[in-house]
Amino acid sequence: MSISNLWASELEYRRTVLKAVLIVIIVAGSIFVVNNWFSGFKVYAMVELVVVCLCIGILVIHKSTPNLTLWCSVFLFSLYTVILIGIYSSSFNSGLFTWLFIIPVLSYLLLGIKLGTIYTSVYMATGVAILIYALLFNIADIYPITIANIALCLAAIWALSFSYESKRAEAVERLQQMASVDPLTGLNNRLLLDSIFEMLCQSLPDKQQSVSMLLLDLDYFKKINDQFGHDVGDKVLVEVSKLINDMRRRNDWAFRFGGEEFCMLIPNTSLQQAEQIAERLRIAIDKITTVDDNKLNISISIGVARWPDDGSQLSQVYKAADERLYKAKELGRNKVVSH
């Protein structure tokens, strides 16, 4: 699936990070459970055991769950809460406060910029507040300079984690944009078709489950290139793309497949409505008579198919639309065929 190849690589990255972290926490947590149990901290050991069991459960489902961010949030909430409880209840000499240093790193790796910043802010501030509380009330043998060093180190790790994740997210978004958008027209390219189709099919209510596909192809486009040059041909493509983009509804999707072929996915429409949209497009494009001061005769042939009437899979719907597009060509071009 296209989006799975483009965007799901980002999800796969987070799944890989989550898996590694879960394994580490399960191993370390199991050691802490045993140690705290035999050291007399049985309540805290039981809390840690719950977190370990939660980690095992998330590890089992992390590859298949569609709610990865939710489970990452639950995992980090549980982990950070246990860390804060441990810092509050144990002596400073135990060194448990050092676990605060993983908070910004894990938050940004697993949750991204927005949620990662929220988690980091809340839990780092709470952790430092606990240390200050221990200092003010002489709960632990701790010095102001120690807390200052911890806070400064946390701030440095936070800044580095934020900077890394910001630049990484920008780079990923830029690559995704380059890979999924046609550079000439600004429409989506074919790489996104599978995933957008799947998303539309899954997101529509049961009673409204229909997705119409319009497959559009400019008539005699090669003649335009041969007669007026490829620069004019490119401007024709841009003009047609702009028209398609302007006429589509908010929830419709438009694609350029390359060359002079375009596609639209129109959710929640009857066949008659899809035919009307296609006909309006055909008429609007037929009215384009001048591009870059060149008088042109531009027309388009359109094949219309509909999911699930023409098939349960995208390939079946596409095949039906493609056959009807060629039927429109055979009938003399500048036509809409939907049967």
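Is E165 buried or exposed? E165 counts as buried, because its relative accessibility is 1% and the cut-off for buried is under 20%. The model is predicted.

**Salt bridges**

The structure holds 13 salt bridges. Three of them are tabulated here.

| Pair | Closest N to O | Relative accessibility |
|---|---|---|
| E12 and K63 | 3.9 Å | E12 38%; K63 56% |
| E165 and R168 | 2.8 Å | E165 1%; R168 13% |
| E279 and R282 | 2.6 Å | E279 29%; R282 14% |

The E12 and K63 salt bridge links distant parts of the chain. E12 sits in helix α2 (residues 8–38). K63 sits in the loop between α3 (42–61) and α4 (68–89). The two are 51 residues apart. E12 counts as partly exposed, and K63 as exposed.

E165 and R168 lie in helix α6 (residues 144–180). They are three residues apart, about one turn of the helix. R168 counts as buried.

Helix α10 (residues 271–286) holds E279 and R282. Three residues, about one turn of the helix, separate them. E279 counts as partly exposed, whereas R282 is buried. Elsewhere, salt bridges with shared partners join R14, E165 and R168 into one network.

**Helix α9**

Helix α9 covers residues 230–247, 18 residues in total. What span should it have at 1.5 Å a residue? The expected value is 26 Å, and the end C-alpha atoms are 26 Å apart, so the two agree. Buried residues in α9 are V232, G233, V236, L237, V240, S241 and I244.

Conventions:
Residues numbered from 1 in each chain as written. Predicted model: local features only at pLDDT ≥ 70, side-chain atom pairs only at ≥ 80, totals over all residues. Heavy atoms only, no water. Helix = DSSP H or I, 4+ residues; strand = E, 2+ residues; numbered from the N terminus. Expected span 1.5 Å × (residues − 1). Buried < 20%, exposed > 50% of the residue type's maximum accessible area, 1.4 Å probe, protein only. Salt bridge = Lys/Arg side-chain N within 4 Å of Asp/Glu carboxyl O.
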